[in-house]
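This report describes a metal site, a sheet and a helix packing. The sequence and structure are shown first.

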Amino acid sequence: MTNNFSFSPVALPYAQDALAPVISAETIAFHYGKHLQAYINNLNAALPGSGFEGLSLEDIVRKAEGGIFNNAGQVLNHTLYFTQFKPAGDVSAPEGALADAIARDFGSFEEFKAEFQKKGAGLFGSGWVWLAADTDGKLHITQESNAGNPVSRGLTPLLTFDVWEHAYYLDYQNRRPDHLAALWQIIDWHVISARYGR
Ligand code: MN
């Protein structure tokens, strides 16, 4: 069944093997091809008659509860996640206003990365660590359980590390901190700086 309000997976802006060895093609095949697709299928199946048809993902996440919240949250989270990467080896660093805000709010880029990794490694169970901006442009690192997204706190999400085991287990098994430390090699800071948009 199709309807006018169904969601689709975001297109990957790189080849499925372009993030290796930080994220393998096999992990992309499962994470993007199976896990994200399942969240999309579940959300699309739940939308008809829910009252949330036609809303943006962000608005569904802000307003819904239960299964619709969980699946819409995971679709939004993975959309932001999979579009923030670039092939390993390309040089990338925070730009412009975002670079200034990181220095202002965390002391330095290195101090920000250390704090972000620590909050990702220390998040119990499944969830996401986020860099997000408030309406004044101040930066915050938040830990969200399960399908959580900082839009629920009135923040604009900028960067995220997925700490669900499905994001890293094929490549790193239980070594979540090693996976998080490696992710910096593939962050496209041009994308993150544009999301900050100041
Ligand atoms: Mn995931």
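Donors are here N, O and S atoms within 2.8 Å of the metal (3.2 Å for Na, K and Ca); water is not among the atoms, so sites may look incomplete. The model is a predicted one, in which local features need pLDDT of at least 70 and side-chain atom pairs count only at pLDDT 80 or more, while totals for chains, interfaces and linings use all residues. Residues are numbered from 1 along each chain as its sequence is written, and side-chain values use heavy atoms, with hydrogens and water left out.

**Metal site**

The donor residues of the manganese ion follow the sequence spacing H-x46-H-x83-D-x3-H. They are His 31 (NE2), His 78 (NE2), Asp 162 (OD) and His 166 (NE2), which coordinate the ion at 2.0 to 2.1 Å. His 78 lies in helix 3 (residues 66–82) and His 166 in the loop between strand 3 (156–162) and helix 6 (169–172); the pair, 88 residues apart, links distant parts of the chain. Helices (H or I, at least four residues) and strands (E, at least two) are DSSP runs, numbered from the N terminus. Both His 78 and His 166 are buried, that is, under 20% relative accessible area (exposed is over 50%, partly exposed in between; 1.4 Å probe, protein chains only).

**Sheet**

Three strands form an open sheet of order 2-1-3 with antiparallel pairing; two strands pair if DSSP finds at least two bridges between them. Strand 2 (139–145) and strand 3 stand at the edges with a single partner strand each, so one side of each has no neighbour in the sheet. Strand 3 is nevertheless largely enclosed by the rest of the structure, because 6 of its 7 residues are buried. Strand 1 (residues 127–133) runs antiparallel to strand 3 and is joined to it by 6 bridges. Two positions facing strand 3 are listed below.

| Residue | Residue opposite, in strand 3 |
|---|---|
| Trp 130 | Thr 160 (bridge partner) |
| Val 129 | Phe 161 |

Helix 4 (residues 96–106) lies across strand 1, strand 2 and strand 3, at about 80° to strand 2. Axes are lines fitted to C-alpha atoms, for helices over the stretch in contact, and angles run from 0 to 180 degrees between N-to-C directions. Contact means heavy atoms within 4.5 Å.

**Helix packing**

Helix 5 (residues 109–121) packs against helix 7 (residues 176–183) at an angle of about 150°, the axes being 9 Å apart. Gln 117, Gly 120 and Ala 121 of helix 5 meet Arg 176, Pro 177, Leu 180 and Ala 181 of helix 7 in this contact.
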